[in-house]
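Me: I'd like to learn how to read a few local features in a structure. Can we walk through them together?

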Amino acid sequence: MAARRRKERLAEEKVFKDPVHKYIYVQDHLIWDLINTKEFQRLRRIRQLGTSYLTFHGAEHSRFSHSLGVYEITRKIISQFERGGYTDWPAGEKLIALCAALLHDIGHGPFSHSIEDVFDTHHEEWTCRLLLEETEINAVLKAYDSSYPERVAAVICKTYYEPIVVSLVSSQMDADRMDYLLRDAYFTGVNYGTFDLERILRVLRPYRGRIVVKESGMHAVEDYLMSRYQMYWQVYFHPVTRSSEIILRQIFRRAKELYAAGYTFNWMIGPLEQLIAGRIDIEGYLALDEALVQTAFSLWVKEQDEVLADLCRRFLNRKLYKYVTMDHADEQLWQEIREQFKAIGLHPDYHLEIDFPYDMPYDVYRPDAADAAGKEEKPPILLLGRDEQLSEISERSSIIRSITGIRQGKYHLYYPEEPLRESATKLPANLRELFALM
C-alpha cells in the first residue's frame, strides 16, 4: 500500500452551492483532488441530458453537476448508516463508495448515448480505462492507496467483492437515479420528477449485503417510482427529443460512411477523425466534448455532401424532423414509404426513421431487470418487514404493479417536412393523408 501523502480529512470542509441539494460537502482530500483532475473537470463540457435542451431549453446542466449530486446523496446515505450504527454496512468502505459515486460518469462522451450507438463505444468501459490507465485520476487514486484504481473500477463495473457498495451506485434505487431524476426535473422545469428524497434516505437500511427499504417507507418509494415513470415518458422519451437524437445519430453515421468511402472532408480534427476511424485513444477521447463536436457541425454545413450538410444545418438550427404516430408496426407500409421517398429524391436511410422508444438508458421500474446475458443488472427494491423478512416492492404495492414494465410507447415515423410538402402531389393519396399533406 502506498504511503498516504497527507491527512485524509481537509482542514476546512469545502462546500458547493447546488440548486438540487442546496449544499454539497467535501470533507476528504482524496475527493477534492479527484474533483480537480482534468478528466473530472471535462464533465463540465458534457450535458447530462444530451439533446434534451432542444426540447426543454433549461436542460443545459452537465454531468459534472450530476456527478457531484450522486456523490452527495451517497455521502448522506452512508452518514445515515453510520449514525444508526448499522453493523451490516461494511467498515472501511465509505471512501471507496464516495469515489465510485463521484467518478461513475467520467467515461461519457459528447451526446454520449448517440455516439455509443453509432461508434460502438461504451461509457462504462471508458470509465474503467480512465481509472486504470495513465490519467490524473489514476495518479490521484494511486497516491492515496495503490489498490484504489482497481477497487473503484470494480464498484463501477459491478464486480466488487462487497455488493452493498455496488448497490449504492447501481441498483433500482441508487444514488445515480435519485440525483438525475431530481436534477433533470429541476432543469427541465417539470414537477412530476420530484419526490421526497429526505424521507427515502431515512428509511434505507444496509441488510445482509444489500440496501433495502424499511417497510414503513413504502409510500415514499412509490412516489419515487411514479416520478421515475413520469420522467421516463414525459422527458426522456419526448418525441421532439427523439427527433433531435435521430438527426444527431444520422450525422455521425453519415460522417462514418463518408470516411469509409474515402471522402475528403473540408474540415476534420484529430480526435473526431480517430473516433470515426475507430482508433481513438485516451488523449483523443478526453479532447472530445460537445463544444468540439458542435464546432465540427458548424463547419460541416458547408460540406459538398448535401446529406451531411443538411443534417448538420438541421441540428444546429433546430429544424428537426416532424413525426406521425402509429399504433403498430406495418412493414409493408414502411417499405412503400421508402420507395416513394426514393422516387421524389429523398434518401430513405437518412430522411426516414421509424422509432420506438425502447432503447434509452433510462427505464421504468422492473423487478427482474437483467442484461443481455440474462444476469441481474439492477437489483430490485426490497422492503424489510418488522419480522426481518424481505419482499419485492411490487408484491406489496398495487401502484407499482400497475406501472411495472409497462410498454406504452407508440411507433413514430420521422421525416423532413419541407421537401415532402414540396413533392406532395407526387405521393399517392394514402401517404398524403398519413403525412397530413392533403
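Me: Is Ser216 buried, exposed or partly exposed?

Reply: Bear in mind that this is a predicted model. For exposure, you look at the relative accessible area: Ser216 comes out at 43%, so it counts as partly exposed, since the class lies between 20% and 50%. Ser216 sits in the loop between strand 4 (210-214) and helix 12 (218-236). Its C-alpha atom is 7.6 Å from that of Val203, 13 residues apart along the chain.

Me: And how do I read a pair of aromatic rings?

Reply: You describe a pair by the distance of the centres and the angle of the planes. The count here is 25 aromatic pairs. Take Trp126 and Tyr285: the pair is stacked, with 4.0 Å centre to centre and 0 degrees between the planes. This pair links distant parts of the chain, with Trp126 in helix 6 (residues 123-132) and Tyr285 in helix 15 (residues 282-287), 159 residues apart. Trp126 is buried at 7% relative accessible area, and Tyr285 is buried too, at 3%.

Me: What kind of pair do Tyr186 and Phe187 form?

Reply: Their planes stand at 75 degrees with the centres 4.9 Å apart, so this one is edge-to-face. Tyr186 is partly exposed at 49%, and Phe187 is partly exposed at 23%.

Me: Which rings are linked into a cluster?

Reply: Ring pairs join Phe111, Phe119, Phe252, Tyr263, Phe265, Phe297, Trp300 and Phe315.

Me: Where does the charged end of Arg253 sit?

Reply: Over the ring of Tyr350, 4.5 Å from its centre. Lys17, in turn, lies over the face of Tyr23, at 4.5 Å from the ring centre.

Notes. Residues are numbered from 1 along each chain as its sequence is written. This is a predicted model: local features need pLDDT of at least 70, side-chain atom pairs count only at pLDDT 80 or more; totals for chains, interfaces and linings use all residues. Side-chain values use heavy atoms; hydrogens and water are left out. Helices (H or I, at least four residues) and strands (E, at least two) are DSSP runs, numbered from the N terminus. Buried means under 20% relative accessible area, exposed over 50%, partly exposed in between (1.4 Å probe, protein chains only). Rings of Phe, Tyr and Trp (its six-membered ring) pair if their centres lie within 6.5 Å; planes under 30 degrees apart count as stacked, over 60 as edge-to-face and the rest as tilted. A charge sits over a ring if NZ of Lys or CZ of Arg is within 6 Å of the ring centre and within 35 degrees of the ring normal.
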